[in-house]
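Here is a short briefing on one helix and one metal site. Look at the model first, then read the points below.

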Amino acid sequence: MKYDTNSVGGIDANDNIPFDRCVNVLGWNSSRFDIALLWDALDCELWTMGVPIGDLNNSKSITVTNKNSHMKLQFIDAENLFGPLALKACVKDYEDKSEHKDVFPYEIINSKNWNEVLVKTEPFEYEDFKSQLKGGYSITKAEYDQYLIDFKRFTNRLEYLKYYNTNDTEIMAKPLMNLIDTFEQFNIDVLHYISIASCAYATKHYSTYFPSKFILESDKQQYYSDFDINADYSNPNPQAKPFVPSAGYWKNKCYHYKQLDYKAGRETEKNVTADDYDYFKRLLETSVSSICSAKFTYDNPPSLDRQDIELLHTKDNCLPACVSCNIAHANRDPKIASLHIKMRQYAIKNNLPMTISHE
Ligand SMILES: [Zn+2]
């Protein structure tokens, strides 16, 4: 490969200007088969293999860098972008329904017979398409008829194979372009992400800041512009089922608290025990969160919040609080904790992604 460092897209550039030259190379299901070829061909003096994303058996992406030009080639398995499905199904879902994927009986040729088999001028027999990889199944009669029609355009099996290889790669391009265009309207570059799930997640974040891209009527609405730290955002779902602690649940909790206190070097003799079940069942059923006043539901389970953090998990030292509030509350300034809790509730109420995880 040659790379002209003096001119990039008509703009003069030289090695002093940092410029990430990266070319994406896409393959279908390439993580399982083609990566091995890369190690063979590109793990050499001229190229450096990067660390694959994913694992060695299933590399979602791997970047190789040319040692002289610092040019990068990023190999991406396009199947990850669409989800686990056959290329044929992908073309059907993401593109023109009438497009057909060609067929070729891979399993009939091997390194010994390919020369003799491929020079033949007659098409393969229907039986030749039976595939051990696909559990002995063959292609459909309709696919075979289409193959016979296509084959007429070629002088022999080798010429058909060349066409097949090119076409088998090209049919991937249109679905990819469709996917890239779909996310482009949200300023998301599909090839910077590793899966369609991560693209969707990025879109969700984008929707928080540019809601008008998604709901045209809400042109002027900006989330968080009406956020009020003194407002009550608790209990976003009034239909949520109230939390009822079971004896097993309570026993687990007691064990967990005992472990916590033990690890922190606190005496655990006076800790709450499984025998206090009735007391706490009544307490949890009749009270709301001592921190945010939310009701306890299966979406918002309770925990015991120690009032004096120097002291143990005892009956006297604990008040019920949401698990999430308890975490936000821990060792923090009460005002910052309160802001965290309100923002979390606001996000749940408005179905927004939660972008804040730390102070
Ligand atoms: Zn709470």
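In H6, five positions are buried (under 20% relative accessible area, 1.4 Å probe, protein chains only): Arg-157, Tyr-160, Leu-161, Tyr-164 and Asn-167. Seen down the axis, these buried residues fall within an arc of 135°, so they line one face of the helix. The arc is taken over the directions from the helix axis to the C-beta atoms.

This is a predicted model: local features need pLDDT of at least 70, side-chain atom pairs need 80 or more, and totals for chains, interfaces and linings use all residues. Residues are numbered from 1 along each chain as its sequence is written, and side-chain values use heavy atoms, without hydrogens or water.

**Helix H6**
- Thr-169 and Glu-170, on the other side of H6, are exposed (over 50% relative accessible area).
- Helix H4 (114-118) and helix H5 (141-151) are among the elements covering the buried residues of H6 (contact means heavy atoms within 4.5 Å).
- At the start of H6, a side-chain oxygen of Asn-156 comes within 3.1 Å of the backbone nitrogen of Leu-158.

**Zinc site**
- Cys-292 (SG), Cys-322 (SG) and Cys-325 (SG) are the protein donors of the zinc ion, 2.1 to 2.2 Å from it.
- Donors are N, O and S atoms within 2.8 Å of the metal (3.2 Å for Na, K and Ca); water is not among the atoms, so sites may look incomplete.
- Along the chain, the donor spacing is C-x29-C-x2-C.
- Cys-292 lies in the loop between helix H10 (277-286) and strand S8 (302-306), and Cys-322 lies in strand S9 (residues 318-322), 30 residues apart.
- Cys-292 is buried at 14% relative accessible area, and Cys-322 is buried at 1%.

How values were computed. Helix = DSSP H or I, 4+ residues; strand = E, 2+ residues; numbered from the N terminus. Polar contact = N/O pair within 3.5 Å; in protein donor to acceptor, adjacent residues only side chain to side chain.
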